[in-house]
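User: I'm new to protein structures. Could you show me how to read a few features?

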Amino acid sequence: MNAGILGIAKYVPEKVVTNFDLEKIMDTSDEWIRTRTGIEQRHFAADDQETSDLAVAAAKEAIAKAGISPEEIGLILVATVTQDQNFPSVACMVQEQIGAVNAAAMDQAAACAGFIYSLVTAKQFVESNAYKYVLVVGVEKLSKVLDWEDRNTAVLFGDGASAAIIGPVSEGRGILSFELGADGTGGKNLYLTQQDTIAMNGREVFKFAVRQMGESAMNVLEKAGLTKEDVDFLVPHQANIRIMESARERLELPPEKMSKTIHKYGNTSAASIGISLVDELEAGKIKDDDLLVLVGFGGGLTWGAVTMRWGK
């Protein structure tokens, strides 16, 4: 039995903050942000919107798209590093609000690689027949942990959520191979300070990400017995356009075969890969039986990648 995505959805808050808006409150410019990162705007949650609210909105739509009921979900995995509070988990809050009364629930903290970590975890539970359906949510409210005195990080991040129902799919489809990894020695390069704000050594994270994204993409293809010529579409974590382009070039893909949504949403951490998948599906760029490579990296330092044959 193969596990794959049966339904996927996104939610982004209504409030849009452009680079020009940021020019008014800090020493930065639209040109500086765009040329270095590819970001033009990002969405920020309202003051009365918590991480769990974003997660629930995406989860309800994903459940509807999968054509199942909340009671059929056996497990809820929420990838996030911006929980409403230390506990209860966001996953337990989601469980209550969507009525998934039969589901176990837990959060997973792998930062921007979280969506991949949770996809791979869900795959194990589905393929071992422990649970038929697993709800995976990647969600962040990063606006609440930004240091507005640090122009190098404050301009990068946005809020949002993506959710997917993972369940059995037909032979040859679904998640074909994966790689998860971590390097705790690099944790000092991207972390949450004691003041609960993001701190990053941008140069070191950039070097790590450029190397790891390409390597992981190639590794999962090899594990699946495939080559870069087999890839139909690349969905990288939307952190920085130059990092994304390096992964695309490693796979020798044309620009139109890589998802690029960073200009609309910024870096939404654990939500970004799922949000990008939804946008590309809605644009008709991903079709049944396309071979996808999903790859991300994040604080920890962590990384993850999967190959996936799209479709049920």
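Analyst: Let's go through a helix pair and then a buried threonine. This is a predicted model, where local features need pLDDT of at least 70 and side-chain atom pairs count only at pLDDT 80 or more, while totals for chains, interfaces and linings use all residues. Residues are numbered from 1 along each chain as its sequence is written, and side-chain values use heavy atoms, leaving out hydrogens and water.

User: How do helix 7 and helix 8 cross, and at what angle?

Analyst: Two packed helices are described by the angle between their axes and the distance between the axes. Here, the axes of helix 7 (residues 202-223) and helix 8 (residues 241-250) come within 9 Å and cross at roughly 30°. That makes the two helices roughly parallel (angles under 35 degrees). Axes are lines fitted to C-alpha atoms, for helices over the stretch in contact, and angles run from 0 to 180 degrees between N-to-C directions. Helices are DSSP runs of H or I with at least four residues, numbered from the N terminus.

User: Which residues make the contact?

Analyst: Contact means heavy atoms within 4.5 Å. Helix 7 brings residues including Phe206, Val210 and Met213, and helix 8 offers, among them, Ile243 and Ala247.

User: Is threonine 82 buried or exposed?

Analyst: Buried means under 20% relative accessible area, exposed over 50% (1.4 Å probe, protein chains only). Threonine 82 has 3% relative accessibility, so it counts as buried. Threonine 82 sits in the loop between strand 4 (75-79) and helix 4 (90-98). Not counting residues up to four places away in sequence, threonine 82 touches Thr51, Val139, Glu140, Lys141, Leu142, Lys144 and Val145.

Note on methods:
Parallel < 35°, antiparallel > 145°, perpendicular 65-115°, else oblique.
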